[in-house]
Amino acid sequence: MFTLGTALSNQIDANWQTYVMIIVYFIILLIIGFYGYRQATGNLSEFMLGGRSIGPYITALSAGASDMSGWMIMGLPGSVYSTGLSAIWITIGLTLGAYINYFVVAPRLRVFTEIAGDAITLPDFFKNRLDDKKNIIKIISGLIIVVFFTLYTHSGFVSGGKLFESAFGLNYHAGLLIVAIIVIFYTFFGGYLAVSITDFFQGVIMLIAMVMVPIVALLKLNGWDTFHDIAQMKPTNLDLFRGTTVLGIVSLFSWGLGYFGQPHIIVRFMSIKSHKLLPKARRLGISWMAVGLLGAIGVGLTGISFISERHIKLEDPETLFIVMSQILFHPLVGGFLLAAILAAIMSTISSQLLVTSSSLTEDFYKLIRGSDKASSHQKEFVLIGRLSVLLVAIVAITIAWHPNDTILNLVGNAWAGFGAAFSPLVLYSLYWKDLTRAGAISGMVAGAVVVIVWISWIKPLATINAFFGMYEIIPGFIVSVLITYIVSKLTKKPDDYVIENLNKVKNIVKE
């Protein structure tokens with residue numbers, strides 16, 4: 001969701017123990033990639049979806065790690081440090097959105113994607129669900145995924161390059177290439193299984209890091225009285241409402257709407273062994289998310305006192321976690337905590353690479369090659385999937401070579417773009433029998449267009465009226481919902497067997 005975007009300005013003095021931890025971390029990722037290569041890359045479904053055989057715990061933590069990214073470790077602490085406790089409204093919206101997602105989307109999507117032509121990508125599911133023989137919705141949704149995720153992936157590479165530049169004094173381009181090579185290796189060879197296992201491993205590292213730093217900071221400061229000191233520094237530091245507005249709270253809260261349409265997250269639901277295992281995944285996933293986000297808030301709050309007491313000049317709030325982790329801990333532990341930042345970055349990059357390559361292979365190449373030949377060309381499709389990973393990575397690296405703030409700002413709104421374009425369509429597809437192809441296409445395009453228009457032309461008007469500064473997912477989501485409904489009501493109803501599939505899914509989930 002969030003990437004580091006801005007330059008990390010604080011140079012950290014790393015020694016050999018720190019480097020050892022980072023090297024060990026990279027070696028583990030490569031071993032997992034090799035394991036994935038040996039275990040689950042025999043056909044395209046295995047390479048792109050793990051053969052729908054992933055367990056609940058890996059499902060939960062891989063979904064969380066690929067979702068939170070550097071936002072949880074860098075972005076949220078920096079935001080809390082800068083604005084105070086009012087920044088946590090976004091965490092409440094996201095936690096609720098993720099929780100509802102497990103109930104509303106996960107079970108039906110897992111069953112429906114298998115029943116409806118064994119779809120392994122979101123565009124393929126839309127096509128099968130709506131019986132779109134002309135593949136229009138598949139092509140349009142596939143294009144949205146490829147374009148937005150390529151830009152999204154490039155920002156992850158930028159984050160990795162700047163982390164190495166800041167923490168180790170390496171050249172930005174060298175850091176970018178190190179991160180890129182490792183991620184490409186385990187994604188290219190290991191496919192979905194390797195990405196999911198590494199995400200699980202990275203999720204554990206992220207959670208430990210988010211618990212350790214605020215606890216140790218409190219022990220080094222004034223214990224629980226530290227929060228009293230923080231409140232004395234600035235009244236808004238511990239106030240949920242001061243420092244923001246009703247519109248600001250609504251905008252932050254509305255981030256939760258995006259969960260229903262994020263391809264790199266909901267693909268996890270499609271890969272689990274059975275929909276009956278989703279309750280286990282939900283309990284672990286939401287618990288991980290809640291503890292991690294509370295830890296991130298703790299880093300931000302304790303950081304206010306820590307930075308003040310140590311008289312540190314913190315030019316970029318997003319470097320708060322880096323600064324605290326390297327000052328508070330032994331270099332060996334500091335290296336582990338830097339690995340947590342890399343874990344956050346790389347887990348998202350790998351998921352985005354795989355989803356984008358899945359779309360290129362399943363939604364475009366197989367379309368050109370001919371679906372009637374699919375069963376006899378599995379090795380060919382796996383090869384194309386791997387080459388697609390490489391292609392997307394090369395394009396993303398090329399864009400990241402000379403970071404462009406305009407592109408990074410666009411990537412920062414990708415969550416809203418996917419949420420407005422896909423969230424209403426996913427919900428309608430799973431629950432509404434009268435959804436038509438025309439309605440689905442119209443709503444999806446309308447949602448994406450509104451987000452782009454709002455960002456480009458409406459949001460700058462916030463200087464005139466604060467209303468225009470609302471988060472763009474709100475108008476995009478509302479327009480998509482309305483357009484999909486209206487157009488579906490005005491167009492030809494779906495065939496009976498399409499409705500039968502929907503009823504069949506409903507009955508299976510109830511069992």
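**Why these labels fit**

Me: What makes the radius of gyration of the chain agree with a compact globule?
Reply: The rule, taken over C-alpha atoms, is 2.2 Å times the number of residues to the power 0.38. For 511 residues that puts a compact globule near 24 Å; the chain has 22 Å, so the two agree. This is a predicted model: local features need pLDDT of at least 70, side-chain atom pairs count only at pLDDT 80 or more, and totals for chains, interfaces and linings use all residues. Residues are numbered from 1 along each chain as its sequence is written, and side-chain values use heavy atoms, without hydrogens and water.

Me: Why is the pair of Trp-89 and Phe-241 called tilted?
Reply: Rings of Phe, Tyr and Trp (its six-membered ring) pair if their centres lie within 6.5 Å; planes under 30 degrees apart are stacked, over 60 edge-to-face, the rest tilted. Here the centres are 5.6 Å apart and the planes at 55°, so the pair is tilted. Trp-89 and Phe-241 lie 152 residues apart.

Me: Why is Trp-89 called buried or exposed?
Reply: Buried means under 20% relative accessible area, exposed over 50%, partly exposed in between (1.4 Å probe, protein chains only). Trp-89 has 14%, so Trp-89 counts as buried. Phe-241 has 52%, so Phe-241 counts as exposed.

Me: What makes Phe-185 and Phe-189 a tilted pair?
Reply: Their ring centres are 5.0 Å apart and their planes at 55°, so this pair is tilted. Both sit in helix H8 (residues 172-220), 4 residues apart, so about one helical turn separates them. Helices here are DSSP runs (H or I, at least four residues), numbered from the N terminus.

Note on methods
Helices (H or I, at least four residues) and strands (E, at least two) are DSSP runs, numbered from the N terminus.
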